[in-house]
Amino acid sequence: MTNGKKKSSSRIGLRSETHNSSSENNNSAAERSSVTRFMAARSTTPLEEGGEVFVHTSQEKTPEETRYTLLDIQTKVGKILADNAALRKDDEDLKISMQQKDQQFGTLSTAVANLTIESNGLKSQLEYQNSYIQQLEENLDALASEHDSLEQYTRKYNVEVHGVPEHRDENLPDLISSIAAAS
């Protein structure tokens, strides 16, 4: 595929070159930039972006190529393990958070149930008080009607005199006697 070379093999790999510009590892960077890294891949899917797919030859690798390949694998495994540890930590944090949310939900559910029971009790009490108030109003109307009837009955034999001026401290029986004598 690349470099115009094809040899028969059943393994497909990924070819990419490493470019390291740090001044700390000049020898290592120079050696690694000249070494082609090989990685196993499933089917023909590249494992890294920007790499080239090629057919792996059956030529043996030099010890230096094998060393860099193993270092690369070790680095990637270390990164995967670190990512895995971070994911496990995140998973534990999520589990703890979910447990806290479950406890809060349980507390809120209990509070809602208690408030519902209390609300139903208050509704029942309000209905009772409303019916009691209605009954009291009916009794009040009946008593007012009875009071009016009693007042009418007590005035049944009363005489009302019009045209006679009213004075303070007057004696009603003497006044009636004087009116009766004048007639």
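A nonpolar patch made of Leu70, Ile73, Val77 and Leu81 lies on the surface of this predicted model. Together, these four residues offer about 360 Å² of accessible area. One of them, Ile73, belongs to helix 2, so that helix is a good place to start the tour.

**Around the patch**
- Ile73 has a relative accessible area of 38%, which makes this residue partly exposed because the value falls between the 20% cut-off for buried and the 50% cut-off for exposed.
- Helix 2 also has buried residues: Tyr68, Thr69 and Asp72.

**Helix 2 from end to end**
- Helix 2 runs over residues 63–154, a stretch of 92 residues.
- At 1.5 Å a residue, a span of 136 Å is expected for helix 2, and the 132 Å between its end C-alpha atoms agrees with that.

**The annotated segment**
- An unreviewed UniProt entry carries the annotation "coiled-coil region" for residues 126–153.
- In the model, residues 126–153 are 100% helix and 0% strand.
- The C-alpha atoms at the two ends of this segment are 40 Å apart.

**The protein as a whole**
- The protein contains 3 helices and 2 strands, and their order along the sequence is β-α-β-α-α.
- Of the 183 residues in the protein, 7% are buried.
- The accessible surface adds up to about 15900 Å², with carbon and sulfur atoms contributing 54% of this area.
- Among contacts with a separation of 6 or more, 67% join residues 24 or more positions apart.

Terms used:
Residues numbered from 1 in each chain as written. Predicted model: local features only at pLDDT ≥ 70, side-chain atom pairs only at ≥ 80, totals over all residues. Heavy atoms only, no water. UniProt positions renumbered as here; feature names shortened; annotations may be inferred. Helix = DSSP H or I, 4+ residues; strand = E, 2+ residues; numbered from the N terminus. Expected span 1.5 Å × (residues − 1). Buried < 20%, exposed > 50% of the residue type's maximum accessible area, 1.4 Å probe, protein only. Patch = residues over 30% accessible without salt bridge, like charges linked within 9 Å, V, L, I, M, F, W, Y side chains within 5 Å. Areas by Shrake-Rupley, 256 points an atom, 1.4 Å probe, with all protein chains shown as cover. Salt bridge = Lys/Arg side-chain N within 4 Å of Asp/Glu carboxyl O. Contact = heavy atoms within 4.5 Å.
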